[in-house]
Structure formats: C-alpha cells, structure tokens
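Here is a short briefing to read alongside the structure. Take a look at the fold below, and then we can go through the helices, the aromatic groups and the pockets together.

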Amino acid sequence: ERTLRKPQQTARAGLQAIALAYVEFALEHPDEYRVMFGSKLAADPAIAPPSRNEVFAFLREGIAMLQRQQLVRAGDPQAMPYTAWALVHGLVMLPIDGQVRGKGAPSPEELTLTATELLMFGMAG
C-alpha cells in the first residue's frame, strides 16, 4: 500500500494535501476513478456521480478561502478551481495510463508537490 508524505501544515499546504489525497485515492482505485471521472459519465450530467460536483465545490471553496486570506491571487472563481483540478487530474492519468515510469521517473507524490507549488507560486524565478 502506497503512503504519500504529507506537506507541512500551513494554509497553502492544505491545497497540496487535498491534491495528494486525490492522487492517492485515484492511484489506489483506478477503476473507480475512471468511473467517477471518465468521459462516458461526463457526456450525461444527469447520471454523473455527485462526487464530481462535490470535488469541484470543495476545491472552489478552498481556493476562495486562500483568496480571502490573500495567500492566492484574486481570480475567476470558476476558472481557477477548474485549472487546479485539470492539473491534478492530469497528474493522476499519467501514471494510470503508464506514461510516467522507468528509472528516474518522479513519483506521483513528487509530481503532485511540484505541480501544486508551481500552481500556487508560478514558474518565475
């Protein structure tokens, strides 16, 4: 069983903890993840599992909280959580589909921590 290292406990680290938990769940339950977030259900929102809406609402509120604390810049309350979700979803799908493997490949944990740091702080030096 995979155990991911948890980031330090700060307000921003909460976003990383959410991302780590999301990735951990998806990698431990790839079939369930595909059912929950796969394209077949996305085509018909009437049968989409409530988990999709709950994930988005949870992420949107977390980003809004960080915005209120001025730890994340102001921005579109719909676009920012979708962007964060897209980033983490991609991090999940790469290892599930076997795209990240081999000697020297970063672990899902490393990818998640790096990606969320880039998301929060950008790539500028």
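Helices here are DSSP runs (H or I) of at least four residues, numbered from the N terminus. With that in hand, look at the end of α6: G122 follows this helix and has a positive phi, near 80°. Please keep in mind that this is a predicted model.

**Overall fold**

- The protein chain has 6 helices and 0 strands, and its pattern along the sequence reads α-α-α-α-α-α.
- Of its 125 residues, 34% count as buried.
- Among the contacts with a separation of 6 or more, 58% join residues that are 24 or more positions apart.

**Helix α5**

- Helix α5 has 18 residues and spans 25 Å from first C-alpha to last, close to the 26 Å expected at 1.5 Å a residue.
- The buried residues of α5 are M80, P81, A84, W85, V88, L91, V92 and M93.
- Just after α5 comes G98, with a positive phi of about 75°.

**Helix α6**

- Helix α6 covers residues 108-121, which makes 14 residues, and its C-alpha span of 20 Å is close to the 20 Å expected at 1.5 Å a residue.
- Buried in α6 are P108, E109, T112, L113, A115, T116 and M120.
- How buried or exposed is T112? This residue of α6 has a relative accessible area of 1%, so T112 counts as buried.
- Setting aside neighbours within four places in sequence, T112 is in contact with A19, L20, V23 and L91.
- One of these contacts, L91, is itself among the buried residues of α5.

**The loop before α5**

- Q70 sits in the loop between α4 (50-68) and α5 (79-96).
- The phi of Q70 is near 60°, a positive value in a residue other than glycine.
- Q70 is exposed, with a relative accessible area of 70%.

**Aromatic pairs**

- How many aromatic pairs are there? The count comes to 4.
- One of them is formed by Y82 and W85, whose rings are stacked at 6.3 Å centre to centre, with 10° between the planes.
- Where do the two partners stand relative to each other along the helix? Y82 and W85 are 3 residues apart in helix α5, so about one helical turn separates them.
- The general rule is that an α-helix has 3.6 residues a turn, so residues three or four places apart point the same way.
- The two rings differ in exposure: Y82 is partly exposed at 45% relative accessible area, whereas W85 is buried at 12%.
- F56 joins Y82 and W85 in one aromatic cluster.

**The largest pocket**

- This pocket has a volume of about 320 Å³, and of the 18 residues that line the pocket, I18, A19, Y22, V55 and F58 are the closest to its centre.
- The elements that give two or more residues to this lining are α1 (11-28), α2 (30-37), α4, α5 and α6.
- Which element gives the largest share of the lining? It is α1, with 6 residues.
- By residue type, the lining divides into 16 nonpolar, 1 polar and 1 charged.
- A19 ties two parts of this picture together: A19 is among the residues closest to the centre of the largest pocket, and A19 is also in contact with T112.

**The second largest pocket**

- About 200 Å³ of space lies in this pocket, and its lining is made up of L15, I63, L66, V72, R73, M80, T83, A84, L119 and M120.
- Two or more lining residues come from each of α4, α5 and α6.
- α5 gives the most to this lining, with 3 residues.
- The lining divides into 8 nonpolar residues, 1 polar and 1 charged.
- Some lining residues are also buried in their helices: M80 and A84 line this pocket and are buried in α5, and M120, another lining residue, is buried in α6.

Definitions and conventions
Residues numbered from 1 in each chain as written. Predicted model: local features only at pLDDT ≥ 70, side-chain atom pairs only at ≥ 80, totals over all residues. Heavy atoms only, no water. Buried < 20%, exposed > 50% of the residue type's maximum accessible area, 1.4 Å probe, protein only. Phe/Tyr/Trp six-rings, centres within 6.5 Å; stacked < 30°, edge-to-face > 60°. Expected span 1.5 Å × (residues − 1). Contact = heavy atoms within 4.5 Å. 1 Å grid on protein atoms, 1.4 Å probe; cavity = no way out; pocket = protein on both sides within 12 Å on 5 of 7 lines; lining within 4 Å. Points joined across faces, edges and corners; volume = space filled by probe spheres on them. Nonpolar A, V, L, I, M, F, W, Y, C, P; charged D, E, K, R; others polar.
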